[in-house]
Every structure is written in C-alpha cells, then in structure tokens.
Amino acid sequence: MRPWPGSAYPLGASYDGAGTNFAIFSEIADRVELCLFAEDGTETRVELREVDGFVWHGYLPTVEPGQRYGYRIHGPYDPAEGLRCNANKLLIDPYAKALDGPVEWDEAVFGYPFGSPDERSDTDSAPFVPKSVVVNPFFDWGSDRHPRIPYHETVIYEAHVKGLTFQHPDIPEELRGTYTGLAHPVMIEHLKNLGITAVELMPVHEFITDHHLQEKGLTNYWGYNTIAFLAPHHAYSQANSRAGSQVQEFKAMVRDLHNAGIEVILDVVYNHTAEGNHMGPTLSMRGIDNAAYYRLVEDDQRYYMDYTGTGNSLNVRNPHTLQLIMDSLRYWVTEMHVDGFRFDLASTLAREFYDVDRLSVFFDLVQQDPVISQAKLIAEPWDVGPGGYQVGNFPPLWTEWNGKYRDTVRDFWRGEPGTLGEFASRLTGSSDLYKADGRRPYASINFVTAHDGFTLNDLVSYNEKHNEANGEGGNDGESHNRSWNCGVEGPTDDAAVLDLRARQQRNFITTLFLSQGVPMLLHGDELGRTQSGNNNVYAQDSEIAWMDWSLSTKNAGLVGFTAGVSALRAGHPVFRRRRFFAGKPIGRSRGTDGRTALPDIAWFTPAGEEMTEHDWDSGFGKCVTVFLNGQGITEADTRGERVTDDSFLLCLNAHYEDIEVTLPPPEYGTGWAIVVDTAVGEVLTLTTVPGVVAADPPRVAGGAKRPVPARSVVVLQRTESSQS
C-alpha cells in the first residue's frame, strides 16, 4: 500500500470524507511505519516517507472511520541518553481521537524484560496495546452553542461519569455509567433542581489502569492516568458500541446538557502520562520521542523529573509538547463543544525550569489563543514539587480551586479557635488572594469537599481516614482532613449525633452557596453520600465510590435543603457579586432612617455591635453576624442598569452552645424574616411582591435579641420595601 504525500497538518488521523491523512511528530526517528489492523488482528505496515519539520505524514484514500492503527518508530535506543525508540513496540498516536480498548499487562508492553531493567526487550507488543481509531468527524450539532454562563452565575457540580449514574434505578441499565446516561432526562432534572449550571467531569481523556493496581484486583477509577489527550475514554461508551463511537456519544451528551443550559467542564491531566517512570510501559510518547515529550533528569537521562508523584512530568518547554496540549484543548472546545477545563496539578505546567513561573510559555499561549482564552479555565493551583502550592498566584484569566477556602471553612465549623478573620475573607471572595492582580471574587472556586478526600457526610462522621480497601496500609490519602465526627467515629444510632451531623452538613452547604465566588458541590453530597471513611477512592470502582441513589429518598430533606439554598443564591445577586465588597458606606444606600449611608457589608458581634480589631483577634471568635447590603451593589447588570437586591443578615454560630444574638440596630433594617435555619433544616422564600410572602417565616425586629442555636446558621431577609 503506497500512501499519497498528504499533509503535515493537522497531526493525528484526519478523515475528510474520502480518505484519511496521518501525521505524527518525531524529531529523533530514522523511519516511521503506520500500522493498520484488520478486524482479525492482521497488521499491514505502511512506511511514511514524507517529513516536514519532523512531522512524518501520508494520505491513504481507502481508509475510513473505524480503521484501527498504531505506529512503529525506528530510531536510536540508548536510555542513558534519554533515547528509547524500539520498533517492536506498537505505539498509540498521541493525537488519537479514540482508542479501542484497555492495555493488556503483558511483559511485551515494557521496554525491558521483567527483572532486567537495564536490558532491552524486543518482544512485539502489538497484541497487548490499544489501537488508535480513525473517527468520523461529522456530527449533527443542530443549533448547539456554548451557554457561556457568567462565572458569578455559575454553580459547579463535580462528578464522575460512571459513578454518578451506575446505580441509578431510573436510567436504563445499558446506559448507566456512560456518557449517554449522564445526560439522561432524570439526571438533567436532578441537576436543574439543584441549580447546577456546569458539570465538572473527572478525567474523560483516555486513561489506563496501572499495572500494580490490576495485580491487586483494583482499577484506576478516577482516571488521572491519561494516555491520549484527544480521545474520550472508551469504557464510558455504551456496551458493544463500535470502535470510535464514544466520540459521537460524548458529543450527544454535551449537546443534551447544553440544551438544558448546563455547561461541561473537563478535568484534564496534562502534567504527566500513564507511561510513568523509567520502569513504566512503552505505549506512546516514550517510544516516539522520549526527550521531547518528557522532563528528564539532566545529569542522568534514564530517569524522569517527577513533580506530580506519578512518575513523570510532561516537558512543556518543548514546542511540540506545548502544541499537543494546545491542540488538545482547542479540539475539545471546537469539535467536542466543551465549555472549560480544570487543570489537574496545574503548577506543573508552569515549571519552565525549576520554580513555578506564572508567566511561563504555557500561560502566555493560553492568554493569546482566541479559542482557549474564552473557555472557563480553572487551576488546581498546586503540585508536589518544591514551591508548588500556588493558591492565588495564577494569571488574571484563570480561576482557582481555593484550597484555603476549604481548609478555613472546615476549621471554622469544627470549632477551631482564631479562625474568624480568615473565615470572613473566604466568605467574601478571598480578596487577599485575588484582588491585588485585578481578579474578581469569582476567581475563587469555593469548595468544602472534592473527589480527593472525604465526602461531606464523611467529613462530619470520621476523624480518621479508613482506607483499608486500598491495600496500602493506610499510607495513602490525606491524614490531616480537618474533619470532626461529632462524637462518634463512623456509623451510629445515636440520635443526637446524627442530628448534629445533619446540621453540620447543612452549615457547610449554606456557607458554600452563600459565599462570594463560585460554589462547587461534590456529586452526592446533596444525598449524604458516604465512602465509609475512605478519603482516597482512586482505585475503587465499586459501591464504595458509586452514588447510592436510594439516599435520595432517605435524605430527601438534605436534597431539598441544598436545592433551596442554591435557589436563594440564584435569586439574589447580593450573594454572587462581580466585585469585592468595599466595606464602607455607599452613598446611594440609605438606612431606614433615610439619612445614614450604610456600608455594602458590615460585621457585628453577638451583642449587635460592629466588630473591632480586638473582636477579630479574639481567640473565641466563633459567632458573627454579617450584614449584606442589597442596595450597596456597585456593579451594573448586562444592560448597564443598576443592580439592586434585598438585604440579608447571616448569623453564624460555630460554638457548641446556643448564643443570644442582638440584630443590628434598626437603621440597618426594622424588620427581618428568617429564610434559612440550619438547626431545623428549613429554607423559606419570600416572594418579590411587596408584602406578600411565599411561606410564613418567623419575623424578627431590627435590634431585637434572638438565640442562634449551637453550630447553626440563620439567614434573615429584610422585609421592608426596597429603596431607590
């Protein structure tokens, strides 16, 4: 089979309706063979003779979607010099848009014989390596377009494609755990009920299960082990689907979610690949151009720099590696219609040499790219290397998982002393982290729990991690969780403990949704999902990690409470401001006396007095009242009109005893209605019609005293008419 010359761009396999162009980069290759595989496994090798700028390419007019293929790279093999070409190893196309299955862990997929890491293995790996698949790029998107929901209106739901739906009784069995299942009408209804505007999917780039996990009977459930950055994971497609059909199914999922007004954000892992360290398999980039794709130890290039704890780090200093990352991001936006990305261990991408550099080439490229720069860009702002904790230090275009928010809110609600000052900053958008470089409150992606760590239920049920099922002797997972079991470790029948745990969950949910910034809810926290104290279920593709949907009935009150607080946030712009609070009187905002200019935010002690510096430094500092002025919003809406809202009080008591709170004096409000009370689990709604109430919430007069129950939040809405 003689290929036509074809084109060096785009990289990968590109079907044009008549045939397929193949292009692959390798600066060190002497010869490149494209390997085509028939259904029975028969291999046909086609040499690519055209080379432009180290890109080997050719066009085959007879090749159509569904064709399985791989590459064999002929070139130098000298591990001590970082060279690992071996034509006996079939290699996955780094630009493959689909793969046809998992790796089979045979000795042949390694570059050395077992037990002899310094020797070379020439066993053919083709029978054991997933084949890349030519895909059909054509899809009927209809009228689909990106919802482009502003950050300040965004509510994120972090979810696992399989775990979210695998046990859902109302989804057809063949669709559970798939892309199609995630966009099933019952799932969309659930997400809409919670006020979710974006699903953040844990890794869906094609990933593999590590050899050592498979030997222990475990699997890489989370998926942070990517092997192909343009391919949706094959195992999330429907059973018996044709090779490559996962692309169409993923697109259909995005289209259906978009139709419901829900964005799709991908958790992406560009910091390392599944090939691991020098003892890992040769599956793709290692055999194509090892030194170009990976950061190697400079004085001994047999070994890999590891800023991630996973064995290797991508070499983002190399222009071809950067191109792969940028091409992948652009592909997912333009061809797969996703709306944003959460970058796993994003500090690694900023390491040009040693230190984390916020002005690295990668961030410059993202800033300048007309496609990627318009997507939602969320950094996990840390890695395991020196100086890797970079919360607050990413460029202005970026938002960040705010780990300081998580830690501070957990400490406050478990009653740690001396946390009130920082808690106030986290509640109001973390201006100490984001204001100085021109970013806004929505630069903070606020979360209390995420996939990595305890679920919300477990956060209030366990003091210690219980990771025995992982088989690592308890050495895995975070040991300092800032959790509190409310008096009993794990399951209990003690009604008082169960009541306190339920209250604490409501406290966390209320704090999360009513903080300035972007709230992110972990899938299942609204149901009280438990992992039985396991805070690292990365290898648990089992009921430990899957959603138990029977909890939606058992804990229907928590589901309703979460939906109610989310609706309160959505209905009131004072909880989702686009600018930081000024903390000073706003001229157009007048108190009920018509004279006093009220601040946009004010803080009060339990005695109803404005907080002083001494109060902030108090070691007790476990109870505070916050006034949020709906008439003090300085930003305009999308039409340039003034934004006005009702005013609210947030009374937060993290103490173990009830505290009598005096409401602010009448100039802040003469009448208040209690719309949230986490002690009883109620969310009540006032209508927008003056004087008409949707429920019958308790009323409190301005300046009056009211007990706030131990470990609870009370939210009050001002009832007098809004002022102009």
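**Entry 1: a strand pair.** I began with Val32 and found Leu48 of strand 4 standing opposite. This is a predicted model, so I keep that in mind as I read on. Val32's neighbourhood led me to strand 3, residues 31–37, which runs antiparallel to strand 4 and is joined to that strand by six bridges.

**Entry 2: the sheet around the pair.** Next I looked up the whole sheet. Four strands make up this open sheet, in the order 4-3-7-10, with antiparallel pairing. Strand 4 (43–48) and strand 10 (132–133) are at the edges with a single partner strand each, so one side of each has no neighbour in the sheet.

**Entry 3: the cores.** I then turned to the nonpolar residues. The largest nonpolar core holds 163 residues, and Phe22, Phe250, Leu257, Leu266, Phe341, Phe343 and Phe362 have the most contacts inside it. Helix 7 (residues 319–334) gives this core its largest share, eight residues. There is also a second, separate core of 18 residues, with Ala198, Leu345, Ile378 and Ala450 among them.

I picked out Phe341 for a closer look. Beyond its neighbours within four places in sequence, Phe341 is in contact with residues including Ile265, Leu266, Leu329, Trp332, Lys376 and Ile378.

**Entry 4: one aspartate.** Where is Asp344 found? I traced Asp344 to the loop between strand 16 (340–343) and helix 8 (361–368). Is Asp344 buried or exposed? Its relative accessible area is 8%, and buried means under 20%, so Asp344 counts as buried. Leaving out residues up to four places away in sequence, I listed what Asp344 touches: Tyr224, Asp267, Val268, Val269, Asn271 and Glu380.

Conventions:
Residues are numbered from 1 along each chain as its sequence is written. This is a predicted model: local features need pLDDT of at least 70, side-chain atom pairs count only at pLDDT 80 or more; totals for chains, interfaces and linings use all residues. Side-chain values use heavy atoms; hydrogens and water are left out. Two strands pair if DSSP finds at least two bridges between them. Helices (H or I, at least four residues) and strands (E, at least two) are DSSP runs, numbered from the N terminus. A nonpolar core is a set of buried Ala, Val, Leu, Ile, Met, Phe, Trp, Tyr and Cys residues joined through side-chain atoms within 4.5 Å. Buried means under 20% relative accessible area, exposed over 50%, partly exposed in between (1.4 Å probe, protein chains only). Contact means heavy atoms within 4.5 Å.
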